[in-house]
Amino acid sequence: MNIGFIGLGIMGSPMAAHLATAGHTVRGYDVHPEAVDKLVAAGGQAATSVADAVEAADAVITMLPNHPQVEAVVFGQGGVLESAKPGTLLADMSTIRPETSLEIAKAAQEKEIRVLDAPVSGGEAGAKQATLSIMVGGEEADFALARPLFEVVGKTIVHVGPHGAGQVVKAANQLVVGGIYALVGEAIVLMEGCGVDAKTGLDVLAGGLAANRILDLKRESMVARQFQPGFRIDLHHKDMGIALAAARQADVSLPMTGLVAQLVAAARAMGHGSLDHSALLKVTEQLSGA
Ligand code: NAD
């Protein structure tokens, strides 16, 4: 397939490279030229604009930070809706608010462009290893069309409902992930505060009922206070906002999500926005007088 790939950051870069390695023609664009150079080195092609990336594409993938960037790339001058040919499939794999996914789907219909919201979970490691979980909202037929592309970058690929449903599932994912990071951080602070070796303690937790993927992947770096992203606190702050706004709209109460959102906001206020979300540990430490 001819694929236009927009947004070649921490996640988009390895995903686009996997698609190129799998034999697809991947024409990539990013506002940072060095990100495009990296794709070319991995077997892709350089595009000089969004229009240049999508004009000849059968499928377009966007992997952008948040809804303003997705809106600019999709609705903007020379954007996807203006430049892609009718019949093109647009899979937005960014994490954004569900309303924007619905707006895109509505506008795209008029241009005969097929749209899926297809956010991912699995982090940088999942993108590099092509083992992402992909939660997809949109039409069943478009999902079937996109599935072979998703299979190149992911392992768990599920059609979860109509347009916007993928983003709702991703919001649910993020509130769970945020909660686990907060609690692993508290476990470390507790053990260290009591003079117990946290690394040894977490090794035991990882073999019992508290076992989880974050303990598996991040316990060593958290104990060592290595917080290089990964997934930035700034992006998690965005995601907690999406979850709370969706809860408000659905008229449901999510008290734990509210608390975790405040911890993430505190981490940002302390200047940790560009650190990995495991740096929630720093908030707990500060609250504990460290
Ligand atoms: P990132 O900031 O590393 O990458 C985003 C890229 O988009 C950057 O290279 C940036 O230059 C580019 N960009 C921004 N505006 C653009 C525009 N108008 N045109 C072209 N390129 C533009 O972010 P990331 O960590 O790769 O995350 C991307 C999305 O995936 C976010 O929505 C995030 O929430 C989600 N996500 C991230 C992770 C993770 O672990 N990093 C995991 C799952 C989902």
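**Valine 158 and the shell around the ligand**

Valine 158 counts as partly exposed, because 14 C-beta neighbours lie inside 10 Å of this residue; a residue is called buried at 20 or more such neighbours and exposed at 12 or fewer. The model examined here is a predicted one. In this model, valine 158 belongs to strand S9, which covers residues 154-161. When neighbours within four places in sequence are set aside, the contacts of valine 158 are Met135 and Val136. Valine 176 is 18 residues away from valine 158 along the chain, and the C-alpha atoms of these two valines are 18 Å apart.

The surroundings of the ligand were examined next. The ligand has 27 residues around it, and those that come nearest are Gly7, Gly9, Ile10, Met11 and Phe231. Sorted by class, this shell consists of 15 nonpolar, ten polar and two charged residues. At least two shell residues come from each of three elements: helix H4 (67-75), strand S7 (120-121) and helix H7 (123-129). The greatest contribution is that of H4, which gives three residues.

The shell also relates the ligand to the domains of the chain. Residues of both domain 1 (2-162) and domain 2 (168-287) take part in the shell, and the ligand therefore lies between the two domains.

A further annotation comes from a database record. In an unreviewed entry, UniProt lists the feature "domain: 3-hydroxyisobutyrate dehydrogenase-like NAD-binding" at residues 164-283. Across residues 164-283, helix makes up 71% of the chain and strand 0%. The C-alpha atoms at the two ends of this stretch are separated by 32 Å.

Technical notes:
Residues are numbered from 1 along each chain as its sequence is written. This is a predicted model: local features need pLDDT of at least 70, side-chain atom pairs count only at pLDDT 80 or more; totals for chains, interfaces and linings use all residues. Helices (H or I, at least four residues) and strands (E, at least two) are DSSP runs, numbered from the N terminus. Two residues are in contact if their C-beta atoms, placed from the backbone, lie within 7 Å. A residue is near a molecule or strand if its C-beta atom, placed from the backbone, lies within 6 Å of it. Ala, Val, Leu, Ile, Met, Phe, Trp, Tyr, Cys and Pro count as nonpolar, Asp, Glu, Lys and Arg as charged, and the others, Gly among them, as polar. Domain bounds come from an automatic or database domain assignment. UniProt positions are given in the numbering used here, feature names are shortened, and annotations may be inferred rather than shown by experiment.
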